[in-house]
Amino acid sequence: PPRRLARSRRFEQEQHARFWWHRLPTSRYVPPVYGYLTDREWELLEEWYEETASMGAAGEINVPAMSVIQGLVMGNGLSRIVQLGHFHGYSALLLGFMLRAMGSRPGLFSVDISPEATAFSQSWVDRAKLGEFVHLHVGDSARSARRREPTAPTARDRLAGSVFPLRRAFAHAPGSGLGGGFFFFSLATAR
């Protein structure tokens, strides 16, 4: 594979369950989602992997599924995404990199119930200089923000109306016990 794709092959040697997608017996899978990352974005992602591993906090979406989401987002030129649950920020970073590559604003609005996870994710969004494309919020995505804050934007507000959900059905490796989340995308073209 091209150099940008092959650089993720180093994960084949990692024994942690979070790298299951590189040890499939029938393929030497290289996630397409990593192919478009700049060298600096790849370095940052490797640093993210190292830091979350040192914390014992695997929190990335199923990487093959993220490649499907990449095709959906970049292939359709989506510019508005709401994510319900960002945990330690893996998908927020990758979506932010996609949105920046496309010059798409307002970008990603992500809500997570954990102030600690949001602070951690925000530190990585800041390091990646994605503040223009990624907006993180602490809140309970299962409850209406308008009930607590009458002026708070809803997912539909952020998406400018047109909404379709995509369930992260395979959010983590089988048997990992980690939960998933939802992404909502807008087909609206207004920026």
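Me: Let's fix one term before we start: a residue is buried under 20% relative accessible area, exposed over 50%, and partly exposed in between. We're looking at a predicted model. Is Glu 132 buried, exposed or partly exposed?

Reply: The relative accessible area of Glu 132 is 45%. Buried needs a value under 20%, and exposed needs one over 50%. Because 45% sits in between, Glu 132 is partly exposed.

Me: Which residue does Glu 132 meet in a salt bridge?

Reply: In general, side chains of opposite charge can pair when their charged atoms come close. Here the N to O distance is 2.4 Å, and the cut-off for a salt bridge is within 4 Å. The partner has a relative accessible area of 35%, so it's partly exposed too. The residue that meets Glu 132 is Arg 105.

Me: How many residues apart are Arg 105 and Glu 132 in the chain?

Reply: Arg 105 is in the loop between α4 and β2. Glu 132 is in another place, the loop between α5 and β3. The pair links distant parts of the chain, and the separation is 27 residues.

Me: Which residue forms a salt bridge with Glu 51?

Reply: The closest N and O atoms of this pair are 3.5 Å apart. Glu 51 lies in helix α2 and its partner in helix α5, so the pair ties together parts that are 76 residues apart in sequence. Glu 51 is partly exposed at 29%, and the partner is partly exposed at 38%. That partner is Arg 127.

Me: Where do Arg 40 and Glu 43 both lie?

Reply: Their side chains meet in a salt bridge, 3.5 Å from N to O. They're 3 residues apart, about one turn of the helix. Arg 40 is partly exposed at 43%, and Glu 43 is partly exposed at 39%. Both lie in helix α2.

Me: Which residues are linked in a network of salt bridges?

Reply: We've already met the pair Arg 40 and Glu 43, and the pair Glu 51 and Arg 127. Both pairs belong to one network, along with Glu 47. The linked residues are Arg 40, Glu 43, Glu 47, Glu 51 and Arg 127.

Me: How many salt bridges does a search of the whole structure find?

Reply: Among them are Arg 40 with Glu 43, Glu 51 with Arg 127 and Arg 105 with Glu 132. Searching the whole structure brings the count to 9.

Me: Is Thr 52 buried or exposed?

Reply: Thr 52 is found in helix α2. Leaving out residues up to four places away in sequence, it touches Arg 18, Ala 57, His 88 and Phe 120. Its relative accessibility is 0%, so Thr 52 is buried.

Me: How far apart are the end C-alpha atoms of helix α3?

Reply: Helix α3 has 14 residues. At 1.5 Å a residue, α3 should span 20 Å. The model agrees, because the end C-alpha atoms are apart by 20 Å.

Me: What arc do the buried residues of α3 cover around the axis?

Reply: The buried residues are Val 63, Met 66, Ser 67, Ile 69, Gln 70 and Val 73. They sit on the same side of α3. On the other side, Val 68 and Gly 75 are exposed. The buried set covers an arc of only 160°.

Definitions and conventions:
Residues numbered from 1 in each chain as written. Predicted model: local features only at pLDDT ≥ 70, side-chain atom pairs only at ≥ 80, totals over all residues. Heavy atoms only, no water. Helix = DSSP H or I, 4+ residues; strand = E, 2+ residues; numbered from the N terminus. Buried < 20%, exposed > 50% of the residue type's maximum accessible area, 1.4 Å probe, protein only. Contact = heavy atoms within 4.5 Å. Expected span 1.5 Å × (residues − 1). Arc of directions from axis to C-beta.
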